[in-house]
Amino acid sequence: MSRAHTRHRRSRTLFLATLATVLATTGGTALAVSDSAGSTTTRAAAARVDNPYAGAKSYVNPEWSAKAAAEPGGSAIAKQPTGVWLDRIAAIEGAGDSMGLRDHLDEALKQGAGVIQLVIYNLPGRDCAALASNGELGPTEIGKYQTDYIDPIAAILADSKYANLRIVTTVEIDSLPNLVTNTGGRPTATPACDVMKANGNYVKGVGYALRKLGAVPNVYNYVDAGHHGWIGWDDNFAASAQVMYQAATADGGSVDNVHGFITNTANYSALKENNFKIGDTVNGRSVRESKWVDWNRSVDELSFAQSFRSQLVSAGFRSGIGMLIDTSRNGWGGSARPAGPGATTDVNTYVEGGRYDRRIHIGNWCNQSGAGLGERPRTAPEAGIDAYVWIKPPGESDGSSKEIPNDEGKGFDRMCDPTYGGNPRNGNNPSGALANAPISGKWFSAQFQELLKNAYPAL
């Protein structure tokens, strides 16, 4: 036996002894690692933490950063961390000249980042109530979702070279709440959502994603939980939490695969409405009776996220779950931002005059006119909130304002048409959308400029 081999054996023995100590004292996870000669050693992944954002530098997507920096004034935010959207199978390897998943993970290591944010977004029959964000998989293609989409992502994330990178996954935006709010005999129901509820593929798909991704020790799954202007009403609130529990525990799954939940993803709900509270009354009438609040239990996203967290725990999730809030486009600053409460003439003048969220209706979601950048990404800003995040990259369109042929399965939704008069899901109000928008995910310069102009806190 050569002296070099003897030294190798001694160092390996020391390494394994050190590893055992690390695992015993930190709760870390052992990963099998094969070297170039084919022999297998074991090394420790970073110990699992309560809040993956705590003490960690977040990854800046260089593709988004370059687009932001190229805009007038965009350099002010070009170094902010944003979500990497895996919205079709081709995105895993990288469609065209776009970076693939491994490219982003490798770049995160080069940046010295401690956390990277991924969006898992390709369910069969995706976004059954919003044509603008329909996907490539048909309602019955659950097998393809599992084998061609989730499995390859999980295999890449499990690569030992990424073991010390905290990988935050936001799982299937705008999916599970649709099974509650847009099905059955409700006026808001759509045939496509009825199909997805009947075939169970949203629940199966989310459950499968949570199990496969949750098996990777350094992955932190956050399930999408809509926003207060969607599931904040009594008939949606508890029912949505129950559907999320059903998905987490589907096919032998466990709530242990869910680290938390995210609200307001790619939406515009104001973080805090400081000029009125849910308990306020005007001339004997509750704020809940106002046309804007319309009997909702929350008036803003922070109060909703905190109360929905409690509901999720009641539904069976672990008491340690954390919440994320997407603040990328909910600032509502600029000259239209109210300086104080509205007139107390009646409950409607009080709310209308004081609300920061200037949408025509709280159900409007596409490329909203007047929106601005919200709170910058920040760790542990409030009780129960793991972070404010920018999962929706500012400047990327929500959907096209007219039909545009494409190879991504994305349709044309009239809610993205500024001339549209609305439907039951937005109280039959105008859409409030910006004109001349490209398909969802594509760069929309006019929107980016509006977000800069109306940022709050101001840039």
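## Exposed and buried residues

A residue is called exposed when its relative accessible area is over 50%, and buried when that area is under 20%. The structure described here is a predicted model. N436 has a relative accessible area of 70%, so it counts as exposed. This residue lies in the loop between β12 (385–389) and α13. N436 also has a positive phi, near 60°, although it is a residue other than glycine.

W332 is another residue other than glycine with a positive phi, in this case near 50°. Is W332 buried or exposed? Its relative accessibility is 1%, and therefore W332 counts as buried. W332 is placed in the loop between β10 (322–326) and α12 (347–354).

## A cis peptide bond

The backbone also holds a cis peptide bond, which joins Y456 and P457. Its omega is about 0°. P457 is located in the segment after α13, a helix that covers residues 445–453.

## The surroundings of D87

D87 sits in the loop between β3 (84–86) and α3 (90–93). This residue counts as buried because its relative accessibility is 15%, and the limit for a buried residue is under 20%.

Which residue makes a polar contact with the side chain of D87? The partner is K410, whose side chain takes part in the contact at 3.1 Å. If residues up to four places away in sequence are not counted, D87 touches Y121, N122, R126, E408 and K410.

## Two disulfides

How many disulfides does the structure hold? There are two. Counting the bonded cysteines along the chain gives the pattern 1-2, 3-4.

One disulfide joins C128 to C193, with an S to S distance of 2.0 Å. C128 is in the loop between β4 (115–120) and α5 (142–157), while C193 is in helix α7 (residues 191–199), so this pair ties together parts that are 65 residues apart in sequence. The link of C128 and C193 is right-handed, with 90° about the S-S bond. Both ends of this link are buried: C128 has a relative accessible area of 7%, and C193 has one of 0%.

The other disulfide joins C366 to C416, with an S to S distance of 2.1 Å. C366 belongs to the loop between α12 and β11 (378–382), and C416 to the loop between β12 and α13; the pair links distant parts of the chain, 50 residues apart. The torsion about the S-S bond of C366 and C416 is about 100°, and therefore this disulfide is right-handed. C366 is buried, with a relative accessible area of 0%, and C416 is buried with a value of 0%.

## Helix α2

Helix α2 covers residues 62–70, and W64, S65 and A68 are buried in it. Why do the buried residues of α2 line one face of the helix? Seen down the axis of α2, they fall within an arc of 100°, so they line one face. The buried residues of α2 pack against α13.

The N-terminal end of α2 is capped by N61. A side-chain oxygen of N61 lies 3.0 Å from the backbone nitrogen of E63.

## The hairpin of β11 and β12

β11 and β12 pair in the antiparallel sense, and three bridges join them. In one of these pairings, T379 has A387 in β12 as its bridge partner. The two strands form a hairpin with two residues between them. G384 is in the turn of this hairpin and has a positive phi of about 80°.

## Nonpolar cores

The largest nonpolar core has 69 residues. Which of its residues touch the most other members? They are L176 and F261. Helix α5 gives the most to this core, with eight residues.

Setting aside neighbours within four places in sequence, L176 is in contact with Y202, V203, V206, V223, V243, M244 and A247. A second, separate core is made of 16 residues, including A56, V119, A387 and I391. A387 therefore appears in two parts of this account, as a member of the second core and as the bridge partner of T379.

How values were computed
Residues are numbered from 1 along each chain as its sequence is written. Side-chain values use heavy atoms; hydrogens and water are left out. Helices (H or I, at least four residues) and strands (E, at least two) are DSSP runs, numbered from the N terminus. Buried means under 20% relative accessible area, exposed over 50%, partly exposed in between (1.4 Å probe, protein chains only). A polar contact is a pair of N or O atoms within 3.5 Å; within protein, one must be able to donate a hydrogen and the other to accept it, and residues adjacent in sequence count only if both atoms are side-chain atoms. Contact means heavy atoms within 4.5 Å. A disulfide is a pair of cysteine sulfur atoms within 2.5 Å. The arc is that of the directions from the helix axis to the C-beta atoms. Two strands pair if DSSP finds at least two bridges between them. A nonpolar core is a set of buried Ala, Val, Leu, Ile, Met, Phe, Trp, Tyr and Cys residues joined through side-chain atoms within 4.5 Å.
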